[in-house]
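Subject: Structure handover

Hi,

Here is the structure I promised to pass on. Have a look at it first, and then read my notes below.

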Amino acid sequence: MRIDVVTLFPEMFGVVRDLGVTGRAHAQGRWQLHAWNPRDFTHDVHRTVDDRPYGGGPGMVMMPGPLEAAVNAAQQARAGQGLGPAPVALLAPVGRRYDQAGAEALAASDGLILICGRYEGVDQRFIDRCVTQEISLGDFVLSGGEIAALAVIDAAVRLLPGVLNDGDSALQDSFNDTLSGLLDSPHYTRPEVYEGEAVPAPLLSGHHANIARWRRERSLALTAARRPELIESARAKGWLSKLDERYLAELAGTPLPAEPGTRRRRPRKPAADAAPTGQNQPDTTPDSSPDPKPNPSDVS
Ligand SMILES: C[S@@+](CC[C@H](N)C(=O)[O-])C[C@H]1O[C@@H](n2cnc3c(N)ncnc32)[C@H](O)[C@@H]1O
């Protein structure tokens, strides 16, 4: 698989090219990465790639010319390797949400040319002329397409044959058909007891069928709580067994697993300088004690 990236920040792609699973796979020649900087396809002394928007408004817009020239150079380089023309994907919040099926399709292909937008976005005429699909990472706005492109590449490369050490591990991940498209079950490692919390007993039993059943039930419970539509999709595909359905029916009468940060915690000891009881004290009952982890919005 060959990935070409059109980006103003080629150095950002060292993350997937040089590090971790994707870096090892790149060193083994299992995939190729080529970055094209639109500035290298400009003709003015300032190497200008953006300009003010027609109609006014804030910010700048990426000009179509340097982007199209970069795409053409990438397609020519691919042709030089005997590859056919690649689809051209623009990373964009308005695009189709990238998912596991998208990663699988990319991993099964010859590759893709990824366009990373910056500023307010790219000139629509470039999109109309050159782009075959628009890919979104989710309903939020990034400063540029690079982080989205890194996610697209990483999710696909780890699915290439021989990339993961344990050949089965991708099959056991969330959304995989082998897992009926459900969410993965929780994982535990040493120590067996951590801060008073023990590893669930079935995982220590050595009984493979019981372990598999425990994992399946955790997977069903988590999916029912957080992504019920994935349960519906698995059901529609006939991927839920009678045992699964019986467990889900039992679950329907029980409380759903807690989201991270809302887990029951033991009440903390009141601080020495705490306000006297009844005076603006936070409720420290187990269900409402605050999570010590900061919310992302708390981090400045
Ligand atoms: C600041 S954003 C522009 C957002 C654009 N004005 C909008 O509201 O849709 C700059 C670039 O970041 C990239 N980007 C931002 N959010 C993204 C997302 N959720 N998924 C994929 N790419 C994204 C796109 O390439 C975009 O051109």
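Let's start with confidence, since this is a predicted model. The chain has a mean pLDDT of 89, with 85% of its residues at 70 or more. The part to treat separately is residues 270–300, where the pLDDT is below 50. That stretch still makes 20 contacts in the model beyond near neighbours in sequence.

**Overall picture**

You'll find 10 helices and 9 strands in the chain. Of its 300 residues, 23% are buried. Taking contacts with a separation of 6 or more, 73% of them join residues 24 or more positions apart.

Two pairs give you a feel for those links across the sequence. I147, which is in helix 6, has its C-alpha 9.0 Å from that of F13, although their positions lie 134 residues apart along the chain. I147 counts as partly exposed because it has 15 C-beta neighbours inside 10 Å. The other pair is A225 and A258: they are 33 residues apart in sequence, with 8.4 Å from C-alpha to C-alpha. A225 belongs to helix 8, residues 208–226, and is also partly exposed, given 16 C-beta neighbours inside 10 Å.

**The cores**

In soluble globular proteins, nonpolar side chains tend to be buried together. Here the largest nonpolar core has 47 residues, and the ones with the most contacts inside it are V5, V6, L91, I113, L114, I115 and A149. Helix 6, residues 146–157, supplies the largest share of this core, with 7 residues. If you want one place to start looking, try L114: leaving out residues up to four places away in sequence, L114 touches I3, V5, A89, L91, A149 and V152. Another core lies apart from that one and has 5 residues, including L179, L182, L220 and A221.

**Around the ligand**

This is probably the part you'll open in your viewer. There are 19 residues around the ligand, and L91, G117, L142, G145 and A148 come nearest. By class, the shell splits into 10 nonpolar, 7 polar and 2 charged residues. Which element gives the largest share of the shell? It's strand 5, residues 88–97, with 4 residues. L91 links this section to the previous one: it is among the residues nearest the ligand and also among those with the most contacts inside the largest core.

The UniProt entry, which is unreviewed, carries a "binding site" annotation on G117, L137, G138, D139, F140, V141 and L142. G117 and L142 from that list are also among the residues that come nearest to the ligand.

Two of the annotated positions make a nice contrast. G117 sits in the loop between strand 6 (111–116) and helix 5 (124–130). Is G117 buried or exposed? It's buried, because 26 other C-beta atoms lie within 10 Å. Not counting residues up to four places away in sequence, G117 touches M62, L90, L91, A92, V122, G144 and G145. V141, in the loop between strand 7 (133–136) and helix 6, is exposed, because just 6 other C-beta atoms lie within 10 Å.

**Backbone oddities**

Most residues other than glycine have a negative phi, and most peptide bonds are trans. Three spots in this model depart from that, so check them before you set anything up.

- R190 and P191 are joined by a cis peptide bond, with omega at about 0°. P191 is in the loop between helix 6 and strand 8 (193–194).
- R47 is not a glycine, yet its phi is positive, about 55°. R47 is in the loop between strand 2 (32–36) and strand 3 (50–51), and it counts as partly exposed because it has 13 C-beta neighbours inside 10 Å.
- Y119 also has a positive phi, near 60°. Y119 lies in the loop between strand 6 and helix 5, the loop that G117 is found in too. With 17 other C-beta atoms within 10 Å, Y119 is partly exposed.

That's the lot from me.

Cheers

Conventions: Residues numbered from 1 in each chain as written. Predicted model: local features only at pLDDT ≥ 70, side-chain atom pairs only at ≥ 80, totals over all residues. Core = buried A, V, L, I, M, F, W, Y, C linked by C-beta atoms within 7 Å. Buried ≥ 20, exposed ≤ 12 C-beta atoms within 10 Å, placed from the backbone. Helix = DSSP H or I, 4+ residues; strand = E, 2+ residues; numbered from the N terminus. Contact = placed C-beta atoms within 7 Å. pLDDT = per-residue confidence, 0-100. Near = placed C-beta within 6 Å. Nonpolar A, V, L, I, M, F, W, Y, C, P; charged D, E, K, R; others polar. UniProt positions renumbered as here; feature names shortened; annotations may be inferred.
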